[in-house]
Amino acid sequence: MTQSYLSSNDTICAISSANGTGAIALVRLTGQKAIEILNRIFVPSRRETSTGDFQFNKAIFGKIFIDGELLDEVIVTAFQNPYSYSGQDLVEISCHGSIYIQQQLIELLISNGARLAQPGEFTFRAFMNGKMDLSQAEAVADLIASNSETSHKMALKQMKGGFSGKISELRARLVHFASMIELELDFSEEDVEFANREDLKNLLTNINTEINKLRSSFSLGNVMKQGIPVAIAGKPNVGKSTLLNAILSEERALVSEIPGTTRDAIEDTININGINFRFIDTAGLRHTNDTIESMGIERTYEKLNQAWIVLYVFDITDITVDEIEDALTEIRNQLDDPSKTIILIGNKTDMLTESPHVFKHLVDLEAIFISAKRDENINLIAERLLDAVQLNQLTDQTIVYNMRHFEALNQASVSIGDITAGFEQGIPSDLIAIDIKQALHHLGTITGEITNEEILNSIFGRFCIGK
């Protein structure tokens, strides 16, 4: 970025609606001269409406002229500082969605003293003017980018300050802790202890427990944001690709009766009840001398480790109890997390002429019986996936899904550990105070109480222009 976000006293403008032609477009203008610029270009249709004393918080119909020529009939809404999104005077102009009209309107605003906004600059000003903290500002971008109900809910909760409140609470407890240590330093010559060391250790333990709880939620939050990875595994020719096509309701994967057709992972995403699931069709698991197929099987195990859930598909017409148990044992031995959810899928029920002898054992293993070819019982897989995700976690706790926040929490946890170790080793209070300040620093970077220009440019540079 050529211009720093920190030089933000001028008036900025941008198209805030999506690119391209539409019925309506929205152009935004904010800054000290927003109303002044508006008065130069906008003529209200009602004579009793005075442009010199613009009516805020009302939608006003009128016309915009360029050199005496009508450009468009528009609706203007103005918001007075500090009661606006940016915390400054802010104007929103709803015009017709012609690309020509949008471009002409932007050029008109610039010629009258505004400049084109940088990505995220409206939200940056909201942050700088105390309308939201940094984590809430980041949630605005996440809300715009959300493509599922769950990612929308997480971003909305963070934007409303749920995560910020938790961080502020932790910082407040640490600040109280720091004040006790600093007080002792002021009276160091008198060897006075203002805070009971056991109470402080208990406080540190409680703070670290809260931080670790937030850190542990990141794995859930991240996959909820990106889409929960679900690997489809099984022997060759059991119907994995047919199942993927049935789930996606399209011919996404090549289907063939020749074993080993799928030699690389095929991925696609589908939304089930507001949650994005990212399905991965993998190469068939078997012992082979084919070099290419062996590489595909190696990648299968990589995908199984990356997945949150594994769908193990088998041919219900050609399976034994021992084969299922051996397959599950082999898969779990290859997994970094052997406790990972594995859902058994008995496919090809359309080929059955009688109940299979392993039926009772499969029922005990909670297998799902389907016909991917006939698209039968696919809905049962969706239900089981939703059960495995445990949606109640989204409402019962604060979820961390931002990598920057996760790293800051990790660093804060390290500092808390250093403080605790310092107490145990009898380190002087002035050195412990340094670790306390480090922990406060890391937590402060999350909400923006402590930040720098480089971080701000990185965060807001990912926004769309006009937000």
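Patches are made of residues with over 30% relative accessible area and no salt bridge, and like charges are joined within 9 Å. All views show a predicted model.

**View 1. A negative surface patch involving helix α11.** Asp-322, Glu-325, Asp-326 and Glu-330 form the patch. Asp-326 sits in helix α11, which covers residues 321-334. Its relative accessible area is 52%, so Asp-326 counts as exposed.

**View 2. A salt bridge between Lys-235 and Glu-323.** The two side chains meet at 3.9 Å, N to O. Lys-235 lies in the loop between β8 (228-234) and α9 (240-248), and Glu-323 lies in helix α11, so the pair ties together parts that are 88 residues apart in sequence. Lys-235 is partly exposed, at 38% relative accessible area. Glu-323 is also partly exposed, at 32%.

**View 3. A salt bridge between Asp-315 and Lys-348.** The N to O distance is 3.6 Å. Asp-315 belongs to strand β11 (residues 309-315), while Lys-348 lies in the loop between β12 (341-347) and α12 (359-364); the pair therefore ties together parts that are 33 residues apart in sequence. Asp-315 counts as buried, with 14% relative accessibility. Lys-348 counts as partly exposed, with 21%.

**View 4. A salt-bridge network that includes Glu-121 and Arg-115.** Asp-10, Arg-115, Glu-121 and Arg-125 are joined into one network by salt bridges that share partners. In one of these bridges, the side chains of Glu-121 and Arg-115 meet at 2.6 Å, N to O. Glu-121 and Arg-115 are both buried. Across the whole structure, a search finds 16 salt bridges.

**View 5. A nonpolar surface patch with Phe-65.** Val-43, Phe-65 and Leu-70 make this patch of about 240 Å². Phe-65 lies in strand β4, residues 59-66. At 32% relative accessible area, Phe-65 is partly exposed.

**View 6. Helix α8 and the residue just after it.** Helix α8 covers residues 218-226. Its buried residues include Phe-218, Leu-220, Gly-221, Val-223 and Met-224. An α-helix has 3.6 residues a turn, so residues three or four places apart point the same way. Just after α8, Gly-227 takes a positive phi of about 110°.

**View 7. Two cysteines, Cys-13 and Cys-464.** Cys-13 is buried, at 0% relative accessible area. Cys-464 is partly exposed, at 39%. A disulfide needs a pair of cysteine sulfur atoms within 2.5 Å. By this rule, the count is zero disulfides.

How values were computed. Residues numbered from 1 in each chain as written. Predicted model: local features only at pLDDT ≥ 70, side-chain atom pairs only at ≥ 80, totals over all residues. Heavy atoms only, no water. Buried < 20%, exposed > 50% of the residue type's maximum accessible area, 1.4 Å probe, protein only. Patch = residues over 30% accessible without salt bridge, like charges linked within 9 Å, V, L, I, M, F, W, Y side chains within 5 Å. Areas by Shrake-Rupley, 256 points an atom, 1.4 Å probe, with all protein chains shown as cover. Salt bridge = Lys/Arg side-chain N within 4 Å of Asp/Glu carboxyl O. Lys, Arg positive; Asp, Glu negative; His and termini not counted. Charge placed at Lys NZ, Arg CZ, Asp CG, Glu CD. Helix = DSSP H or I, 4+ residues; strand = E, 2+ residues; numbered from the N terminus.
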